[in-house]
Amino acid sequence: MRRPAALALVLVAPLLALVPGAVATADDDPAAAATRDLRADAEAGITLKRGEDGQVAFVGTPARGSVDNPEVAAGDSVAAAAREHLDRYGAALEPATGSTFARTGTVRTTSGVDLVRYQQAVDGVRVLGGQVVVALDDHRDLRSLTSAVSDTDVQAAAASVSAADAAATARAAVAGRGSSGAALTVTDLGRWLLDPAVVGLDLPGGVRTVRRFEVSDGASVRELVLVDDRTGVVVFKASMIADINRVVCDRLGLRGPETTCTTGIPGRTEGGASSPVAEVNNAYNFARETSDLYAAAAPPAYQDLTALLGVDVAGVKRLASTVRFCSDEAVGTPSVFVDDCPYPNAFWNGQQMFYGEGFAAADDVVAHEMTHGYTERTAGLFYWGQPGAINESMSDVIGEIVDHRNGSDDDSTWTIGEDLVDVGPNHVDYGPFRSMSDPAASPFHDPDSMTSSTYYPGPYDADGVHLNSGVGNKTAYLISQGTGGTSFNGQSFTGIDGTDAQLRKTAVLYLEAIPRLVAASDYADLASTLDQTCLDLVRAGTVRGATFTSADCVKVHQATLATALRSAPPTVVKPADASTACPVGTLKRVLYSSEDGTTASAMLRDPSPAGPVNDPDSVFAWYRDAAGYSFRNETWSVIDPPFSAANRLRVAAPVSLPAGQESFLSFRGWWVNDYVPPLLPGESADPLHPPGAHDGGTVEIVRAGDQVVPAAADWVNGPTELLNASPVSPDGALKAFTRSSHGWVGSRLDLTAFAGNQVQPQFTMRSDSIDGQIGWFLDDITVNTCDTVLRTPTGISVTGALNAVTVRWNGTGQQVSGFRLRVAGSARTWTVPASARSALLSGLVAPTSSVRVYLQAVNPGMSGSAETSKSINRGLITIVGRRVGSKVLLKGTVKAAGVTPVRGAAVRVERRSGARWILVKTVRTGAGGVWNATVVRRSKAVYRATYVGAPSLVGTSSTRSVRR
């Protein structure tokens, strides 16, 4: 709420309000200032959670507290109040420079909290997954902030690939999928900024702009495809269809095209008579029971599932379902069917529900699929990694609640799909296929906590969306039922539902929490969201027949501790990058680098076997990415195609390795390739796609025309797994880079055995004819040898002012061709001749605390000596002020590195006039580095103080602005 005008005489900065008692600090940046404001404006403290990247991902408040923004009044509109909160506190989330936030939706929740969702854009380009959800109470005070935003300052350069060409590439990336004769529709969703850190993917190439497409056949195929709009490369693709995990396969071979409820004669419509087909009645009845739960427990805006999920049938919105669905999706030549028939699955395809024969008989399955629609239309959780696992878990949670509410069978074990027994004409038992009370008892031994040894690290199952849903499922079970009188991972408590067989509290909690998530939320975000949602429900009193207490919220928090939602899974590990350094006593000399951008750095895409891959414009060929968005200049990539191929990339010109000394090939790789896990007991192998690694990358050394496969002993982080030989995978018995690397991995190959020869390193991506994952990306490809070390310069010293420093040094005592200098945090380098003993480095960016300069001696053909460095401290300045009558009293301090007082320093005091700053007076610091200035002015104005530095101290560019 807005504070009374009488209290307005506080110091105000452009991005920061200094409430009484708050003291400005010299190292405040906008994020620190906004965080300070949050803490100062909070009535009873705040909870602040950071993600793995260090950015603030969640800000929460206790049940009896909120954040009271002085610029917001209770009578403000929800939209206006949310914007004021975002303007005042948004910098705490550390969004990239040039970020704007567009409101995309507002919804009233069951607990009386209003949620306002914003989409981030940088330089006008929307950020994929970049979202903020602002939660407000009835007084328009801030209850919470949930965030996943990009903090990378990237110039969104103009696209060089047309939308039409990018769409054609997206279509090609999905070609071969879908029903026989069903055309693929490509929907252009516009230009987006892809920040791998935001979407939770270790994608190569860093931050870049992409064209976002949805490629669909209207039924069983719905793919997200991202195409780099400056190189035309498919940088990511993933299925958007949320389905139940396939457990049992039975291929009967009965096929037909997909049909939906928008075509043909419906089996049953609203209010109509029962159908003679049990499947039709099951889907019809269970859709009603699921809708009844949402009407009873969901936030008001989402209680009508027909309005939220319905499709247009003859001009009327209806919850559409197709039963006894059987897929005729096929790939390859000749075609190989992807799915069995009867279809052993069910899924939500973005428009409606589809059920294979018998699957509509399970009420938890029907509620599961409908909840996928709810999650997509609210939080929009990505369907990969942890967001996808949460997506699956939310569907299991609501499915199980519907199951309990029906009470038609024994639900004490909290299993999903227990009704899927004796299904279809072959009387197959498909379920149960997941246990929420004991995920480890599930067929795939799902993890029950983030610290579980069974947490699946990918890449199968979209990096474990079904497998790792066990973590979220166990959390929900514990929240509802507790630990049963025993201890689970050090926690012991009773559940919030007690003896309530309807599980009202858990239903309200989860249906309220889902819309608060953002697309890229991970399990740590879910933990914070569950905590905050419970606190808001306590504040609201009785909600939808459920009365939450503070003790309930303690239990919710204990459940998130028991499943370690805020921890990193121990199984998702990768090796440390191989060292690229030479042995002690030698110096690395680069013989070849893919990063030089010169003719000598060229790579050659060799002709491949007959097939589509020979097309130089094929999406499946090796691509060179020189978009400039990555900190690396060149990235080579090949998308794994759904057909048998061997794509080769070779260093174009032979590299001469010196005789008698060590040489190495180094590169960084990132890959996700097809892999079929080992068979479970009772499963039969697919003869075309048996267990094992089907796709992978290999490295060969071409010498005098011969391709030599390096020995395993010569590698650090080399290929470790044999490719699986099969009719569609001809490259068996070759060790390759397989499965998933979980991000960039640095590898090194010892080339000393080839000393005295000319060699051409070669990289080969080998693919079978089934599926097709993301593929292999290569970067920083170098060949180096190890020469005698140059000595490092000595006697380095640094002096300077704000944007320039002078560096002095002694010689090396060894012949050199020159010296190279650089400054920490800057990509710029300075080179001076061998005779130089000093250099002026100007045009520096104003430092935050100190300047560190690096100096290196160099010689022709060598990278130089080891770097030596020297730092110089920054002078930091503070400013505070208050009004006394017609005067404004300003004061502050100047300290070296914020610690040592600087006496006699000149301070410029300036007042803002429009877009200009006008000098008011210049003062000097006294004892303790303190300065004082008195300004006579009756009207309000904004002031700043600037310290410009001294020969032994780097100055600060400007300080906190104050308004008096």
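The largest nonpolar core in this predicted model has 119 residues. Tyr355, Leu509, Tyr510 and Phe548 have the most contacts inside that core. Apart from it lies another core, of 27 residues. Leu751, Met765, Leu778 and Val783 are among the residues of this other core. In soluble globular proteins, nonpolar side chains tend to be buried together.

**Overall make-up**

- The protein chain has 964 residues, and buried residues make up 56% of them.
- Its secondary structure comes to 13 helices and 57 strands.
- Contacts between residues at least 6 apart in sequence were also sorted by separation: 66% of them join residues at least 24 apart.

**Helix α11 and the largest core**

- Helix α11 spans residues 504-513.
- Nine of its 10 residues are buried, so α11 is largely enclosed by the rest of the structure.
- The buried residues of α11 include Leu509 and Tyr510, and both are among the residues with the most contacts inside the largest core.
- Polar and charged names also appear on the buried list of α11: Lys505, Thr506 and Glu512 are among them.
- Leaving aside residues up to four places away in sequence, Tyr510 touches Met394, Val397, Ile398, Gly472, Thr475, Ala476, Ile479 and Leu530.

**Helix α1**

- Helix α1 covers residues 30-41, 12 residues in total.
- From first C-alpha to last, α1 reaches 16 Å, close to the 16 Å expected at 1.5 Å a residue.
- Buried positions in α1 are Ala31, Ala33, Ala34, Thr35, Arg36, Asp37, Leu38 and Asp41.

**Aromatic pairs**

- The structure holds 18 aromatic pairs.
- In one of them, the ring centres of Tyr343 and Phe347 lie 5.9 Å apart. Their planes stand at 80°, so this pair is edge-to-face.
- Tyr343 has 5% relative accessibility and counts as buried. Phe347 has 1% and also counts as buried. The cut-off for buried is under 20%.
- Phe667 and Trp715 have ring centres 6.1 Å apart and planes at 85°, so they too form an edge-to-face pair.
- Phe667 lies in strand β31 (residues 663-672) and Trp715 in strand β36 (residues 715-716). The pair therefore ties together parts that are 48 residues apart in sequence.
- Phe667 and Trp715 are both buried.
- These two residues belong to one aromatic cluster with Trp671, Phe737, Phe763 and Trp776.

**Strand β47 and its partners**

- Strand β47 runs over residues 850-858. Seven of its nine residues are buried, so β47 is largely enclosed by the rest of the structure.
- Strand β44 (residues 818-823) runs antiparallel to β47, and six bridges join the two.
- Between these strands, Arg822 stands opposite Tyr854 in β47.
- Strand β48 (residues 868-873) also pairs with β47, in the antiparallel sense, over six bridges.
- Val851 stands opposite Ile872 in β48.

**Charges over rings**

- Arg822 lies over the face of Tyr854, at 4.2 Å from the ring centre. Tyr854 is also the residue that Arg822 stands opposite in β47.
- Elsewhere, the charged end of Arg212 sits over the ring of Trp192, at 4.7 Å from the centre of that ring.

Definitions and conventions: Residues are numbered from 1 along each chain as its sequence is written. This is a predicted model: local features need pLDDT of at least 70, side-chain atom pairs count only at pLDDT 80 or more; totals for chains, interfaces and linings use all residues. Side-chain values use heavy atoms; hydrogens and water are left out. Helices (H or I, at least four residues) and strands (E, at least two) are DSSP runs, numbered from the N terminus. The expected span of a helix is 1.5 Å times one less than its number of residues. Buried means under 20% relative accessible area, exposed over 50%, partly exposed in between (1.4 Å probe, protein chains only). Rings of Phe, Tyr and Trp (its six-membered ring) pair if their centres lie within 6.5 Å; planes under 30 degrees apart count as stacked, over 60 as edge-to-face and the rest as tilted. A charge sits over a ring if NZ of Lys or CZ of Arg is within 6 Å of the ring centre and within 35 degrees of the ring normal. Two strands pair if DSSP finds at least two bridges between them. A nonpolar core is a set of buried Ala, Val, Leu, Ile, Met, Phe, Trp, Tyr and Cys residues joined through side-chain atoms within 4.5 Å. Contact means heavy atoms within 4.5 Å.
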